[in-house]
Amino acid sequence: LDIVFEIDLLYKQNIYFHLGKKEFCIPINELQMKQTQVYVFKKQGISKIKDEIDNVEEKSDIIVTITFV
């Protein structure tokens with residue numbers, strides 16, 4: 001996810017983006033002042049296959065690499 005680093009970014013509370021049909025929100029206060037960083041959405045990804053193929057209760061993580069440009 002490339003984010004243009006402009007001064008108005010400092011006044012926002014969240015960054016929103018879409019992955020497929022789902023919208024995700026990254027709180028600005030959880031980001032660091034680094035050019036590249038990783039943000040993880042815990043258990044919001046696709047279903048993990050367990051012992052039984054029809055058991056879709058556990059979800060995988062979504063890992064987003066953020067680059068300020």
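**Exercise 1. Determine which residues Gln-37 touches, leaving aside those up to four places away in sequence, and describe its setting.**

Solution. In this predicted model, and not counting residues up to four places away in sequence, Gln-37 touches Leu-31, Gln-32, Val-64, Thr-65, Ile-66 and Phe-68. The next step is to place the residue itself: Gln-37 belongs to strand 4, which covers residues 36-41. Its relative accessible area is 7%, and because the cut-off for a buried residue is under 20%, Gln-37 is classed as buried. Finally, the polar side chain has a partner, since the side chain of Gln-37 reaches the backbone oxygen of Lys-34 at 3.3 Å.

**Exercise 2. Work out how strand 4 and strand 5 pair, and in what order the strands of their sheet are arranged.**

Solution. Begin with the pair itself: strand 4 and strand 5 are antiparallel and are joined by six bridges. Within this pairing, Val-38 stands opposite Thr-65, while Tyr-39 stands opposite Val-64. Turn next to strand 1 (residues 2-3), which pairs with strand 5 in the parallel sense over two bridges, with Asp-2 having Thr-67 as its bridge partner. Taken together, the three strands form an open sheet in the order 1-5-4, with mixed pairing. Strand 1 and strand 4 are the edge strands, each pairing on one side only. As for strand 5, five of its seven residues are buried, so this strand is largely enclosed by the rest of the structure.

**Exercise 3. Decide whether Ile-49 is buried or exposed, and locate it relative to Thr-65.**

Solution. First locate the residue along the chain: Ile-49 lies in the loop between strand 4 and strand 5, the latter spanning 62-68. Its relative accessibility is 64%, and because the cut-off for exposed is over 50%, Ile-49 counts as exposed. For the second part, Ile-49 and Thr-65 are 16 residues apart along the chain, and their C-alpha atoms are separated by 25 Å.

**Exercise 4. Describe how strand 2 and strand 3 are joined, and characterise the turn of their hairpin.**

Solution. Strand 2 (residues 14-19) and strand 3 (residues 22-27) run antiparallel and are connected by six bridges. One of the paired positions can be named: Asn-14 has Pro-27 in strand 3 as its bridge partner. The two strands form a hairpin with two residues between them, and in that turn Gly-20 adopts a positive phi of about 70°.

Conventions. Residues numbered from 1 in each chain as written. Predicted model: local features only at pLDDT ≥ 70, side-chain atom pairs only at ≥ 80, totals over all residues. Heavy atoms only, no water. Pairing = 2+ DSSP bridges. Helix = DSSP H or I, 4+ residues; strand = E, 2+ residues; numbered from the N terminus. Buried < 20%, exposed > 50% of the residue type's maximum accessible area, 1.4 Å probe, protein only. Polar contact = N/O pair within 3.5 Å; in protein donor to acceptor, adjacent residues only side chain to side chain. Contact = heavy atoms within 4.5 Å.
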